[in-house]
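Me: Please take a close look at the interior of this model. Work outward from there to the loops, and keep to what the coordinates show.

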Amino acid sequence: IAKPPQRGQKLKKNFYQKFPILKDKKVILFLSRIDNKKGVDLLIEAFGEIHENHPKLCLVIAGPYSKSNKLVLKLKKIIKKYNIKNKVIFTGMIEGDIKWGAYYASDFYCLPSHSENFGIVVAEALGCGCLVGISNKVNIYEDIANAKAGLIFNDTKEDTVNVLKEWLRLNKEDKIKMRKNARLLFENKYNSSKNANKFVEKLKYYFGEKV
């Protein structure tokens with residue numbers, strides 16, 4: 001994919017202007033379609049299990065949805081069960097600078113997906129230097145694990161709870177290193193312009209400089 005814009009502080013500011021309630025919060029971000037296969041229900045349940053000892057913690061659900069959608073109704077029941085209505089923010093679909101600002105404003109990007117061929121949103125998060133947690137059903141999870149660029153977990157409620165706890169235990173140095181590894185992984189494997197150049201060099205190698 002194209003490299004995300006790198007003016008992180010400005011984009012973060014734009015996001016906070018749109019959602020001022022989040023300015024001083026610690027944000028777990030889910031940015032994807034609100035669909036059963038994405039595991040968003042697992043993330044809300046896991047958040048409900050761990051939020052009490054973390055008063056500044058918020059969960060942001062960013063993606064298009066209909067209030068009459070059966071899954072959304074299920075999510076609302078989970079939110080009511082854990083009494084976390086004021087800590088779970090549904091932004092609806094976000095695009096452009098606001099979307100990029102959400103990545104930069106997040107403290108942890110989490111996708112407990114049950115199935116993901118690639119995961120463009122995950123690559124975007126890596127390119128923004130996010131702390132990333134994804135399930136091992138996202139097909140690029142081995143790249144992330146090998147590069148030490150994020151946390152990997154099973155797509156179950158128990159393991160989603162555990163990965164949130166693991167993220168909360170990370171020290172400052174661990175976070176800085178993981179964010180750096182995330183950016184490096186993006187540059188080496190997912191940056192479309194860089195990989196296009198590599199492809200051209202391969203063509204030149206096999207077919208000569210006229211390519």
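Reply: Helices and strands here are DSSP runs, numbered from the N terminus, with at least four residues in a helix (H or I) and at least two in a strand (E). The model is a predicted one.

Asn-83 is a starting point on the outside, in the loop between α3 (70-82) and β3 (88-92). The residue is exposed, because its relative accessible area is 67% and the cut-off for exposed is over 50%. Its phi is near 55°, which is positive in a residue that is not glycine. Most residues other than glycine have a negative phi. Lys-148 is another non-glycine residue with a positive phi, here about 50°. It sits in the loop between α6 (141-146) and β6 (151-153), and its relative accessibility of 58% makes it exposed.

A loop residue can also be buried, as His-51 shows: its relative accessibility is 9%, and buried means under 20%. His-51 belongs to the loop that runs between α2 (40-50) and β2 (57-62). Beyond its neighbours within four places in sequence, its contacts are Tyr-82, Ile-84 and Lys-87.

Now to the interior itself, beginning with α2. Of the 11 residues of this helix, 10 are buried, so α2 is largely enclosed by the rest of the structure. The buried set is not purely nonpolar in name: Asp-41 and Glu-45 are in it, along with Val-40, Leu-42, Leu-43, Ile-44, Ala-46, Phe-47, Gly-48 and Ile-50. These buried residues pack against β1, β2, α3, β3, β4 and α7 (157-169).

Helix α4 (residues 96-105) can be read in the same way. Seven of its 10 residues are buried, and therefore the rest of the structure largely encloses it. Those residues are Lys-99, Trp-100, Gly-101, Ala-102, Tyr-103, Tyr-104 and Ala-105. Their cover includes α1 (8-18), β1 (26-31), β4 (108-111), α5 (120-127) and α8 (172-190).

Helix α5, which is part of that cover, is itself mostly covered, with seven of its eight residues buried. The buried ones are Val-121, Val-122, Ala-123, Glu-124, Ala-125, Leu-126 and Gly-127. Around them lie elements including β1, α4, β4, β5 (132-135), α6 and α8. Just after α5, Gly-129 has a positive phi of about 75°.

Several of these residues recur in the largest nonpolar core, which has 69 residues. Ile-28, Ile-44, Tyr-103, Tyr-109, Val-122 and Leu-126 are the members that touch the most others. Tyr-103 of α4 is in contact with Leu-29, Leu-31, Tyr-109, Val-121, Glu-124, Ala-125, Cys-128 and Cys-130, leaving aside neighbours within four places in sequence.

Two of those contacts, Leu-31 and Val-121, lead on to a pocket. The largest pocket has a volume of about 240 Å³. It is lined by 15 residues, and those closest to its centre are Leu-31, Ser-32, Arg-33, Lys-99 and Val-121. α5 gives the largest share of the lining, three residues. By type, the lining comprises seven nonpolar, two polar and six charged residues.

What of the cysteines? The structure holds zero disulfides. For Cys-58, the nearest cysteine sulfur is that of Cys-110, 15 Å away, and Cys-58 is in no disulfide. Cys-130 is likewise in no disulfide, its nearest cysteine sulfur being that of Cys-128 at 5.3 Å; the cut-off for a disulfide is 2.5 Å. Cys-58 is buried, with a relative accessible area of 3%, and Cys-130 is buried too, at 1% relative accessibility.

Strand β6 supplies one more interior residue, Phe-153. It counts as buried because its relative accessible area is 5%. Apart from neighbours within four places in sequence, its contacts are Cys-110, Leu-111, Pro-112, Gly-133, Ile-134, Ser-135, Asn-136, Asp-159, Thr-160 and Val-163. Relative to Leu-31 of the pocket lining, Phe-153 is 122 residues away along the chain, and the two C-alpha atoms are separated by 18 Å.

Technical notes. Residues are numbered from 1 along each chain as its sequence is written. This is a predicted model: local features need pLDDT of at least 70, side-chain atom pairs count only at pLDDT 80 or more; totals for chains, interfaces and linings use all residues. Side-chain values use heavy atoms; hydrogens and water are left out. Buried means under 20% relative accessible area, exposed over 50%, partly exposed in between (1.4 Å probe, protein chains only). Contact means heavy atoms within 4.5 Å. A nonpolar core is a set of buried Ala, Val, Leu, Ile, Met, Phe, Trp, Tyr and Cys residues joined through side-chain atoms within 4.5 Å. On a 1 Å grid over the protein atoms alone, a cavity is a set of points where a 1.4 Å probe fits but cannot get out, and a pocket is an open set with protein on both sides within 12 Å along at least five of seven lines; lining residues have an atom within 4 Å of a point. Grid points are joined across faces, edges and corners, and a volume is the space filled by probe spheres set on the points. Ala, Val, Leu, Ile, Met, Phe, Trp, Tyr, Cys and Pro count as nonpolar, Asp, Glu, Lys and Arg as charged, and the others, Gly among them, as polar.
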